[in-house]
Amino acid sequence: MGLKWVTYRCPRARYILKTDDDIFVNTPYLMEVLNHNLSPLGGRRLILCNVMEGVRAKRTYRSKWRVSPIEYPDRWYPNYCAGWVILYTPDVVFSLYNEAQRRPYFWIDDVHITGTLMTLTNFTHTDIAELSEIKSNEIDNVIANGGPVEFLFALVNQEQFPKIWDLVLKTQTTVPKV
């Protein structure tokens with residue numbers, strides 16, 4: 001539904017950012033990356049994310065991510081994006097949405113959309129691992145040390161959100177190379 005919504009409601013978007021609700025986005029830093037490392041006019045064929053490689057389909061009944069061989073017959077998932085943060089260009093969103101209309105639904109959306117459908121559309125992922133920060137204790141260290149906040153995205157708790165945002169407003173970051 002997110003792909004459909006963006007396709008029909010955001011025809012002039014230059015980039016589309018999908019995040020989970022517990023993700024901090026360093027907005028000024030992101031704007032610097034988009035405007036200086038990518039393009040303020042928008043890009044094409046781009047999907048930035050933390051790429052998951054070599055992930056095996058879970059078959060154990062103890063896992064909430066258990067997938068039966070009937071649901072997913074392959075042993076390994078294709079490379080896909082961890083769904084906590086993904087930056088798309090509109091052409092990728094449009095192509096993935098169109099491909100989703102032709103394929104059976106698979107309930108693990110990260111694997112389905114950014115794995116299986118991506119493979120069918122011939123797009124490739126660009127890993128942003130070095131620009132993201134997901135460890136809560138490292139966020140606490142950044143806050144305790146007063147910055148700098150040199151990452152784009154972070155998994156944070158409710159206490160950390162206002163503290164890290166205050167730091168972003170107080171410190172200047174350098175533009176990373178993507």
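Which residue in β4 is the bridge partner of L48? To find out, keep the structure open and follow the stops below.

**Before you start**

This is a predicted model, in which local features need pLDDT of at least 70 and side-chain atom pairs count only at pLDDT 80 or more, while totals for chains, interfaces and linings use all residues. Residues are numbered from 1 along each chain as its sequence is written, and side-chain values use heavy atoms, with hydrogens and water left out.

**Stop 1: strand β4**

Select residues 80-88, which make up β4; helices (H or I, at least four residues) and strands (E, at least two) are DSSP runs, numbered from the N terminus. Nine of the nine residues of β4 are buried, so this strand is largely enclosed by the rest of the structure. Here buried means under 20% relative accessible area, exposed means over 50%, and partly exposed lies in between, with a 1.4 Å probe and protein chains only.

Now add β3 (residues 47-52), which runs antiparallel to β4 and is joined to it by five bridges; two strands pair if DSSP finds at least two bridges between them. The bridge partner of L48 in β4 is L87, which answers the opening question. Next show β1 (16-19), which pairs with β4 in the antiparallel sense over four bridges, and see that L17 has L87 as its bridge partner in β4.

**Stop 2: the disulfide**

Show the side chains of C49 and C81, which form a disulfide with their sulfur atoms 2.1 Å apart; the cut-off for a disulfide is a pair of cysteine sulfur atoms within 2.5 Å. C49 lies in β3 and C81 in β4, so the pair ties together parts that are 32 residues apart in sequence. The link of C49 and C81 is left-handed, with -60° about the S-S bond, and both C49 and C81 are buried. The structure holds one disulfide. If you select C10 as well, you will find its sulfur 19 Å from the closest cysteine sulfur, in C81, too far for a bond; C10 is partly exposed, with a relative accessible area of 24%.

**Stop 3: helix α2 and an open sheet**

Select helix α2 (residues 27-38), where Y29, L30, V33 and L34 are buried. These residues cover an arc of only 135° around the axis, which puts them on the same side of α2; the arc is that of the directions from the helix axis to the C-beta atoms.

What covers the buried residues of α2 includes β2 (23-25) and β7 (153-155), so select these two strands next. β2 and β7 pair in the antiparallel sense over three bridges, and V25 stands opposite F153 in β7. Together with β6 they form an open sheet of three strands in the order β2-β7-β6, with mixed pairing. The edge strands are β2 and β6 (132-133), each of which pairs on one side only.

**Stop 4: residue E99**

Finish in helix α3, where E99 is found. At 7% relative accessibility, E99 counts as buried. Show L117, L120 and T121 beside E99, since these are the residues that E99 touches, not counting residues up to four places away in sequence; contact means heavy atoms within 4.5 Å.
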